[in-house]
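Biologist: I would like to learn how to read a structure. Can we take it one feature at a time?

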Amino acid sequence: MRRMSFPVPPVVAGPTRSGMQTVRSLLPYLWPPGDRVAHLRVVAAALFLVAAKVATVYVPIVYSRAIDALAPKGPAGMLAVPFGLIVGYALLRIASAGFGELRDAVFAAVQQRTVRRVALRTFSHLHRLSLRFHLDRQTGGLSRAIDRGTRGIENVLRLAVFNILPTLLEVGW
C-alpha cells in the first residue's frame with residue numbers, strides 16, 4: 001500500500017514572551033487612564049482583599065482565645081466571655097469568606113471589561129489579516145483559540161492581582 005505524503009508547512013515560531021511580559025501587557029487594561037470607575041473598583045477590590053486577609057489571620061487567634069476561655073478557672077457564671085469569643089470567631093469566618101466574595105464581585109466588572117477589550121482587539125486583528133490566512137484556517141479553530149485566550153486572560157488577571165501580588169507584598173513585608 002502506498003502512503004500519501006502531504007507537504008508540512010514550516011512552523012514559524014513567534015517571539016517568546018515571559019509571564020511577566022504578559023502580565024505587564026495586561027496592566028494598562030486594569031488601570032485605564034481616565035476611567036475613574038475602573039480605578040475605584042480596583043482599589044475597592046484591593047481593600048476587600050486586605051480585609052479578607054486580616055479576617056483570615058484573626059480567625060485562629062480568636063478561636064484559640066475562645067478555647068482558652070473555656071478552661072475552668074473560676075466561677076461557673078463566666079460563660080459570657082467564651083460565648084462572645086465563639087460568636088466573634090463565627091463572625092470572622094463569615095467576614096473572611098464575605099470579603100473574598102465582595103472582592104470578586106467588585107473586580108468582575110473590571111475583569112470582564114479587560115477580557116472584552118482584548119478579545120475585540122484580537123477579533124479586529126483577525127479581520128485585518130489576508131484572505132489567504134482565512135482560507136487556510138478553520139473557523140472553529142480560531143473561535144476556540146479566541147475563547148481559550150479570553151479564559152486565559154481571566155485566569156492571569158485573577159492570579160496576578162489576587163494571588164501573586166499579595167503574596168509578594170506579604171513576603172516583602
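Modeller: Start with contacts. Two residues are in contact when heavy atoms lie within 4.5 Å. Now the case here, which is a predicted model. Take contacts between residues at least 6 apart in sequence: 77% of them join residues at least 24 apart.

Biologist: What is the secondary structure of the protein?

Modeller: Read it as a list of helices and strands. This protein has five helices and zero strands. Along the sequence the pattern is α-α-α-α-α.

Biologist: How many of the 173 residues count as buried, as a percentage?

Modeller: A residue is buried when its relative accessible area is under 20%. Here 20% of the 173 residues count as buried. The protein exposes about 13300 Å². Carbon and sulfur atoms supply 67% of that area.

Biologist: Which residues touch the most other members of the largest nonpolar core?

Modeller: A nonpolar core is a set of buried residues, such as Leu, Ile and Phe, joined through side-chain atoms. The largest one in this model has 15 residues. Leu26, Leu30, Phe107, Ile153 and Phe162 touch the most other members. Helices α1 (19-30), α2 (36-69), α3 and α5 each supply at least two residues of this core. The largest share, five residues, comes from α3.

Biologist: Let us follow one core residue. What does Leu30 touch, leaving out residues up to four places away in sequence?

Modeller: Leu30 touches Val42, Phe107, Val110, Arg113, Thr114, Leu157 and Val161.

Biologist: Arg113 is on that list. Is Arg113 buried or exposed?

Modeller: Compare the value with the cut-off. Arg113 counts as buried because its relative accessibility is 10%, and buried means under 20%. Arg113 sits in helix α3 (residues 80-128). Beyond four places in sequence, Arg113 touches Tyr29, Leu30, Pro32, Asp35 and Ala38.

Biologist: Now Thr150. Where is Thr150, and why does Thr150 count as buried?

Modeller: Thr150 lies in helix α5 (residues 139-172). Its relative accessibility is 12%, so Thr150 counts as buried. Setting aside residues up to four places away in sequence, Thr150 touches Val115 and Ala119.

Biologist: Which backbone oxygen lies 2.8 Å from a polar atom of the Thr150 side chain?

Modeller: For a polar contact, look for a pair of N or O atoms within 3.5 Å. In this case the partner is the backbone oxygen of Asp147, 2.8 Å from a polar atom of the Thr150 side chain.

Conventions. Residues numbered from 1 in each chain as written. Predicted model: local features only at pLDDT ≥ 70, side-chain atom pairs only at ≥ 80, totals over all residues. Heavy atoms only, no water. Helix = DSSP H or I, 4+ residues; strand = E, 2+ residues; numbered from the N terminus. Buried < 20%, exposed > 50% of the residue type's maximum accessible area, 1.4 Å probe, protein only. Areas by Shrake-Rupley, 256 points an atom, 1.4 Å probe, with all protein chains shown as cover. Polar contact = N/O pair within 3.5 Å; in protein donor to acceptor, adjacent residues only side chain to side chain. Core = buried A, V, L, I, M, F, W, Y, C linked by side-chain atoms within 4.5 Å.
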